[in-house]
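Trainee: Hey, got a minute? I've just opened this one and could use a hand reading it.
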Amino acid sequence: QVQLVESGGGLVQPGGSLRLSCAASGAINGRNTMGWYRQAPGKQRELVADITNSGIINYVDSVKGRFTISRDGAKYTVSLQMNNLKPEDTATYYCNLRIRTDVHSEDYWGQGTQVTVSS
């Protein structure tokens, strides 16, 4: 039903930039949050950044000032502009859509896109 398609991963040198995009389609309505998570080998998946339908944004401390998340609500598209990339940003990045009700939420995930930061 709901499908998330990611793009924009790749290999970049330290200090470089990359832009990830994710488009959600399907039966989507109501309050929602879209965001990006990442997982490196041997590490837990962590929230990188997310943004609610009302525009509230939060970032993990390690990317503040370097990454910018944005969305197009009408198209349920979310992007993550990543600047000044560091080797520690290397991970598989997953797009997330969380649809909320008063008492319940439902998560949908993209397949993941690899970001590698290396010289």
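Mentor: Sure, let's begin with the surface. The chain has an accessible surface of about 6400 Å², and carbon and sulfur atoms account for 46% of that. Keep in mind that this is a predicted model.

Trainee: Okay. And how much of the chain is buried?
Mentor: Of the 119 residues, 40% are buried.

Trainee: What about secondary structure, how many helices and strands are there?
Mentor: You'll find zero helices and 11 strands in the chain. Reading along the sequence, you just meet one β after another: β-β-β-β-β-β-β-β-β-β-β.

Trainee: What radius of gyration does the chain have, and what would a compact globule have?
Mentor: The chain comes out at 14 Å. A compact globule with 119 residues would be near 14 Å, so the two agree. As for the box that the C-alpha atoms fill, it's roughly 45 × 25 × 25 Å along the principal axes.

Trainee: And the contacts, what share join residues at least 24 apart?
Mentor: That's 56%, counting contacts between residues at least 6 apart in sequence.

Trainee: Switching to charges: how many positive and negative side chains?
Mentor: There are 12 positive and 10 negative ones, and the centres of the two sets lie 3 Å apart.

Trainee: Why would side chains of opposite charge pair?
Mentor: They can do so when their charged atoms come close. In this chain the count is six salt bridges.

Trainee: Show me one. Which residue does Glu46 pair with?
Mentor: Arg38, with the closest N and O atoms 2.8 Å apart. Arg38 is buried, because its relative accessible area is 5%, while Glu46 counts as partly exposed at 29% relative accessibility.

Trainee: And what does Arg66 bridge to?
Mentor: Arg66 forms a salt bridge with Asp89, again with a closest N to O distance of 2.8 Å. Arg66 sits in the loop between strand S6 (57-59) and strand S7 (67-72), and Asp89 in the loop between strand S8 (77-82) and strand S9 (91-100), so the pair ties together parts 23 residues apart in sequence.

Trainee: Are those two buried or exposed?
Mentor: Both Arg66 and Asp89 are buried. They also belong to a network of salt bridges, linked with Arg38 and Glu46.

Trainee: Got another? What does Lys64 meet?
Mentor: Lys64 meets Asp61 in a salt bridge, at 2.9 Å from N to O. Lys64 counts as partly exposed, with 48% relative accessibility, and Asp61 counts as exposed because its value of 62% is over 50%.

How values were computed
Residues numbered from 1 in each chain as written. Predicted model: local features only at pLDDT ≥ 70, side-chain atom pairs only at ≥ 80, totals over all residues. Heavy atoms only, no water. Helix = DSSP H or I, 4+ residues; strand = E, 2+ residues; numbered from the N terminus. Rg over C-alpha atoms; globule rule 2.2 N^0.38 Å. Buried < 20%, exposed > 50% of the residue type's maximum accessible area, 1.4 Å probe, protein only. Contact = heavy atoms within 4.5 Å. Areas by Shrake-Rupley, 256 points an atom, 1.4 Å probe, with all protein chains shown as cover. Lys, Arg positive; Asp, Glu negative; His and termini not counted. Charge placed at Lys NZ, Arg CZ, Asp CG, Glu CD. Salt bridge = Lys/Arg side-chain N within 4 Å of Asp/Glu carboxyl O.
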